[in-house]
Amino acid sequence: MPVSKERFAQGLTADEFQARMTRNQERYEANLAAAAAIITDDDRRAFGARPLSIVAIAEDWCTDVIHFLPVVVALSREVPSINLRIFLRDENPDLIDQYLNQGKYRSIPVFVLYDADWNELGHFIERPAAMTEAMARESRRFAMEHPELPGINRSYENMPEETRNAVRANSSRWRWETMDQWNRVFLDELRAIVEGNASAEAAGE
């Protein structure tokens, strides 16, 4: 069941979401500035070719939200024809349950794109698949370079707290050092949803 126009209007604006944040504000604001810098004129043309409404499902405690929501917020500020509304996952279970990751996980962020006639163009969940694969490679590299850490080869949940903290710190370092790269991949994947539908629409004319 798609989000109705009436329900969409009840969502938070980007400014309202930011005003309600209770954590990660500094990182969010830094990412917002970085995201604005990667948006190109080609992006503006591609996303601005027709009206576009975007539903975002998010929470401020989620690292992937803090990483990727700023890209969509920056895009909505650069492209006047984009209308963005943000829904808090934990307050809107009926929305997130329509877009479960692998059919079972309430992963966020979720972005759902609608055209002017309120047709769903597509959706995006959590992070680019290529990034998930790269994160796994980085975790393996870190484990091989630090065999002295107790339990480093156990699953994350079963590691001693000291080792978990070290793994978490390395993952965070890697994520933010490569942020611009993954922002670009993410933006290209959103753009493929929009351009793919535009091409199909043109072919049907």
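Select valine 112 first: its bridge partner in β4 is histidine 123. This is a predicted model, in which local features need pLDDT of at least 70 and side-chain atom pairs count only at pLDDT 80 or more, while totals for chains, interfaces and linings use all residues. Residues are numbered from 1 along each chain as its sequence is written, and side-chain values use heavy atoms, with hydrogens and water left out. Helices (H or I, at least four residues) and strands (E, at least two) are DSSP runs, numbered from the N terminus.

Next, select β3 and β4 together, which run antiparallel and are joined by five bridges; two strands pair if DSSP finds at least two bridges between them. The hairpin of β3 and β4 has five residues between the strands, and there tryptophan 118 takes a positive phi near 65°.

Now show the side chains of β3 alone. In a regular strand the side chains alternate between the two faces of the sheet. Here Val110, Val112 and Tyr114 point one way from β3, whereas Phe111 and Leu113 point the other way, and all are buried, where buried means under 20% relative accessible area, exposed over 50%, and partly exposed in between (1.4 Å probe, protein chains only). Because five of the five residues of β3 are buried, β3 is largely enclosed by the rest of the structure.

Widen the selection to the whole sheet, which is open and has four strands in the order β2-β1-β3-β4, with mixed pairing. At its edges are β2 (82-88) and β4 (120-125), each of which pairs on one side only, and the twist averages 15° from one strand to the next.

Select isoleucine 57 next, since two pairings can be followed from there. On one side, isoleucine 57 stands opposite phenylalanine 87 in β2, and β1 (residues 52-58) pairs with β2 in the parallel sense over seven bridges. Isoleucine 57 also stands opposite valine 110 in β3, and β1 and β3 run antiparallel, joined by five bridges. Although β2 is an edge strand, six of its seven residues are buried, so β2 is largely enclosed by the rest of the structure.

Add helix α5 (residues 63-78) to the view. The helix α5 packs on the sheet, touching β1, β2 and β3 (110-114), and its direction makes about 150° with that of β2; contact means heavy atoms within 4.5 Å.

Then bring in helix α3 (residues 25-38), whose axis comes within 8 Å of that of α5 and crosses it at roughly 50°. Axes are lines fitted to C-alpha atoms, for helices over the stretch in contact, and angles run from 0 to 180 degrees between N-to-C directions. The residues to highlight include Tyr28, Leu32 and Ala35 of α3 and Ile66, Leu69 and Val73 of α5.

Finish at glutamine 10, in the loop between α1 (5-9) and α2 (14-20). Glutamine 10 counts as exposed because its relative accessibility is 61%. For a distance to display, choose glutamine 10 and isoleucine 96, which are 86 residues apart in sequence and 16 Å apart in space, C-alpha to C-alpha.
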